Amino acid sequence: MPVVDLDGVEIAYELVGEGQPWVLTPGGRFTKEVGGLPDMARTLADQGRQVLTWDRPNCGASSVVFRGRSESEVQAEVLAALIRHLGLGPTVIAGGSGGARVSLLTA
């Protein structure tokens, strides 16, 4: 599992496939390994997409972070930095529950 340091925040992520970039963000406090998410990423990858799944700050194998105006804003800033770091360019960003909020803020 790759981990990248983005401005002092370690983020665990997985990147599968090649093609149009997508990001999938789970909700709640779930990790990128939550039931169904890795399967969805592989299915999308099999259809010609490059899919990023990640553990948000304060979730899973990523750093615990106490900064920023809100946790969602911090997570959105980190996701934008991760997309830039990986050189993904224009990316479809999707998530469930709290991950949807982070996706909207990132966009």
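**Entry 1: helix α2**

I began with the buried residues of α2, and I found that they pack against β1 (3-6), β2 (9-16), β3, β4 (49-54), β5 (92-95) and α3 (98-106). A note to myself before going on: this is a predicted model.

Which residues of α2 are buried? I listed Ser-72, Val-74, Gln-75, Ala-76, Val-78, Leu-79, Ala-80, Leu-82 and Ile-83.

Then I checked the length of α2. Its 16 residues should span 22 Å at 1.5 Å a residue, and I found the end C-alpha atoms 22 Å apart, which agrees. Just after α2 I came to Gly-87, which has a positive phi, near 65°.

**Entry 2: Ile-83**

I picked one residue of helix α2, Ile-83, for a closer look. I noted Ile-83 as buried because its relative accessible area is 10%, and the cut-off for buried is under 20%.

What does Ile-83 touch, leaving aside neighbours within four places in sequence? I wrote down Val-23, Leu-88, Gly-89, Thr-91 and Ile-93. I also looked up Trp-22: from Ile-83 it is 61 residues away in sequence, and the two C-alpha atoms are 9.8 Å apart in space.

**Entry 3: Thr-25**

Next I went to strand β3 (residues 20-25), where Thr-25 sits. Is Thr-25 buried or exposed? I have it down as buried, since its relative accessibility is 3%.

I found a polar contact between the side chains of Thr-25 and Trp-54, at 2.7 Å. Trp-54 is also among the residues that Thr-25 touches once those up to four places away in sequence are set aside; the others I noted are Arg-56, Leu-79, Ala-94, Gly-95, Gly-96, Gly-99 and Ser-103. Leu-79 was already in my notes as a buried residue of α2.

**Entry 4: salt bridges**

How many salt bridges does a search of the whole structure find? I got four, and I followed up some of them here.

I looked at Arg-29 and Glu-71, which form a salt bridge with their closest N and O atoms 2.8 Å apart. Arg-29 lies in the loop between β3 and α1 (37-46), while Glu-71 is in helix α2 (residues 71-86), so this pair ties together parts that are 42 residues apart in sequence. I noted Arg-29 as exposed, at 51% relative accessibility, and Glu-71 as partly exposed, at 31%.

I moved on to Lys-32 and Glu-33, whose side chains meet in a salt bridge of 3.2 Å, N to O. Here I found Lys-32 buried, with a relative accessible area of 3%, whereas Glu-33 is partly exposed, with 49%.

Arg-69 and Glu-73 form another salt bridge, and I read 3.1 Å between their closest N and O atoms. Arg-69 is exposed, with a relative accessible area of 75%, and Glu-73 counts as partly exposed at 25%.

**Entry 5: strands β1 and β2**

I closed with β1, one of the elements that the buried residues of α2 pack against. Which residues of β1 lie on its covered face, and which on its uncovered one? I put Val-4 and Leu-6 on the covered face, with Val-3 and Asp-5 on the uncovered one.

I found that β1 and β2 run antiparallel and are joined by four bridges. Val-3 stands opposite Ala-12 in β2. The two strands form a hairpin with two residues between them, and in that turn I noted Asp-7, with a positive phi of about 55°.

How values were computed: Residues are numbered from 1 along each chain as its sequence is written. This is a predicted model: local features need pLDDT of at least 70, side-chain atom pairs count only at pLDDT 80 or more; totals for chains, interfaces and linings use all residues. Side-chain values use heavy atoms; hydrogens and water are left out. Buried means under 20% relative accessible area, exposed over 50%, partly exposed in between (1.4 Å probe, protein chains only). A polar contact is a pair of N or O atoms within 3.5 Å; within protein, one must be able to donate a hydrogen and the other to accept it, and residues adjacent in sequence count only if both atoms are side-chain atoms. Contact means heavy atoms within 4.5 Å. The expected span of a helix is 1.5 Å times one less than its number of residues. Two strands pair if DSSP finds at least two bridges between them.
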